[in-house]
Amino acid sequence: MPHDALIIGGSYAGLSAALQLVRARRRVLVIDDGRPRNRFAARAHGVLANDGRPGAEIAAAAHAQVAAYPTAAFRRTEAVAVERIDGGFQVAFADGTRTTGRRLLLSHGVEDVPADIPGVKERWGRTALHCPWCHGYEIGGGPVGVLGWGDHAAAYASTVAEWGQATLFLGPDTVLSPEDVRLLHRRGVTIETTPIARLEGEAQTLTGVRLADGRFVVLKALFVGANVRIASPFAEHLGCEMTDTPVGRVIKVDAQQQTTQPGVFAAGDLARAASNITLATSDGMTAAHALFRSLIEEETAAA
């Protein structure tokens, strides 16, 4: 086969894995469609040695470093199908071409599914946010909103309260326990039960939210705990087990990023609930080392 590893998804997890494998002189093909999850955010934060740098610049620098190795190859296109074949895997591309490899690493990430409230989509990644660790400091304090639902609404709001004067807007069917209410009170979080009708403000800025009863609440930003969906159906098509998390279904992996299907690894946001660049790159390295060991085991058994 032309490749030891096919990596679908060339962002942080995929490039981190590729770097490890090409340094072992393994033949790697990185397949990426150029639509990273964080493309809506102006800058990445909390990334050691890259704090405040645009995510696209971090990825471009990583791409260049991987590309410097002679066994690295890239395809900037969409993978549309994956199947297991004798000895490995076959990937089909949108242009009708195909390629094969001995192992498969899925790192194509997830898509955010924020609340369907007018004004959220237009501000996503700027003033409608999901991660206080990534963007909370830049708000600079002041009034911030949290749209929460389900069992983790109180924990989410109590975390966001570290970066501003927080108001928790309860989502549909969200019920707070007495313990939740006490936690929010201790953290200084205001609880608002009236639904948000829309976000208001010019362009991507936010001046506040209009509630269903007509009241206006001044806000500098709104944290929206978005659900996620895996960007492509490859894992389920291959028979990989999935697992439920507070943010949605992700691929089930072990401590080495191995899925429940032999030869298939997964790394990054599609295989974990907590997500950021640092975690994705760590997962990519872990997956690469496990993938490499599986190749060695196969080769020594055949010898």
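This report describes strands, sheets, and selected side-chain surroundings in a predicted model.

## Strand β2 and its partners

Strand β2, which spans residues 28-32, is mostly covered, with 5 of its 5 residues buried. In a regular strand, the side chains alternate between the two faces of the sheet. Both faces of β2 are covered, with Val28, Val30 and Asp32 buried on one side and Leu29 and Ile31 buried on the other.

Strand β1, made up of residues 3-8, runs parallel to β2 and is joined to β2 by 4 bridges. Within this pairing, Leu6 stands opposite Leu29 of β2. The chain passes from β1 through helix α1 (residues 12-23) to β2, and this β-α-β crossover is right-handed.

Strand β3, comprising residues 72-76, also pairs with β2 in the parallel sense, here over 5 bridges. Asp32 of β2 stands opposite Arg76 in β3, and Asp32 is itself among the buried residues of β2. The unit formed by β2, helix α2 (residues 55-67) and β3 is a β-α-β unit that is likewise right-handed. Arg75, a residue within the span 72-76 of β3, lies over the face of Phe93, at 4.1 Å from the ring centre.

## Two open sheets

An open sheet of 5 strands has the order β8-β15-β9-β10-β11, and the pairing within this sheet is parallel. The edge strands are β8 (128-129) and β11 (190-192), each of which pairs on one side only. Inside this sheet, strand β9 (residues 143-148) and strand β15 (residues 221-224) are paired in the parallel sense over 4 bridges, and the bridge partner of Val146 in β15 is Phe223.

A further open sheet consists of 3 strands in the order β12-β13-β14, with antiparallel pairing. Here β12 (196-200) and β14 are the edge strands, each pairing on one side only. Neighbouring strands of this sheet are turned by 25° against each other on average, with direction ignored. The antiparallel strands β12 and β13 are joined by 4 bridges, and Leu199 stands opposite Val209 in β13.

The strand pairs described above, with the bridges that join them, are set out here.

| Strand pair | Sense | Bridges |
|---|---|---|
| β1 and β2 | parallel | 4 bridges |
| β2 and β3 | parallel | 5 bridges |
| β9 and β15 | parallel | 4 bridges |
| β12 and β13 | antiparallel | 4 bridges |

## The aromatic pair

The model has 1 aromatic pair. This pair is formed by Trp133 and Trp163 in an edge-to-face arrangement, with 5.1 Å centre to centre and 75° between the planes. Because Trp133 lies in helix α4 (residues 132-139) while Trp163 lies in the loop between α5 (153-160) and β10 (165-170), the pair ties together parts that are 30 residues apart in sequence. As for solvent accessibility, Trp133 counts as exposed because its relative accessibility is 65%, whereas Trp163, at 17% relative accessibility, counts as buried.

## Polar residues in loops

Asp213 is located in the loop between β13 (208-211) and β14 (216-218), and thus between two strands of the antiparallel sheet. With a relative accessible area of 44%, Asp213 is partly exposed. The side chain of Asp213 makes a polar contact of 2.8 Å with the side chain of Arg215. Computed along other axes of comparison, Asp213 and Leu48 are 165 residues apart in sequence and 44 Å apart in space, C-alpha to C-alpha.Gln258 has its place in the loop between β18 (248-251) and β19 (264-266). Because its relative accessibility is 19%, Gln258 counts as buried, which satisfies the cut-off of under 20% for that class. A polar atom of the Gln258 side chain lies 2.8 Å from the backbone oxygen of Gln261, and a polar atom of this side chain lies 3.0 Å from the backbone oxygen of Val264.

Asp116 is found in the loop between β7 (110-113) and α3 (120-123). At 80% relative accessibility, Asp116 counts as exposed. The C-alpha atoms of Asp116 and Glu57 are separated by 31 Å, and these residues are 59 residues apart along the chain.

Definitions and conventions
Residues are numbered from 1 along each chain as its sequence is written. This is a predicted model: local features need pLDDT of at least 70, side-chain atom pairs count only at pLDDT 80 or more; totals for chains, interfaces and linings use all residues. Side-chain values use heavy atoms; hydrogens and water are left out. Buried means under 20% relative accessible area, exposed over 50%, partly exposed in between (1.4 Å probe, protein chains only). A polar contact is a pair of N or O atoms within 3.5 Å; within protein, one must be able to donate a hydrogen and the other to accept it, and residues adjacent in sequence count only if both atoms are side-chain atoms. Two strands pair if DSSP finds at least two bridges between them. Axes are lines fitted to C-alpha atoms, for helices over the stretch in contact, and angles run from 0 to 180 degrees between N-to-C directions. Rings of Phe, Tyr and Trp (its six-membered ring) pair if their centres lie within 6.5 Å; planes under 30 degrees apart count as stacked, over 60 as edge-to-face and the rest as tilted. A charge sits over a ring if NZ of Lys or CZ of Arg is within 6 Å of the ring centre and within 35 degrees of the ring normal. A crossover is right-handed if, with the strands pointing away from the viewer, the path from the first strand over the helix to the second runs clockwise.
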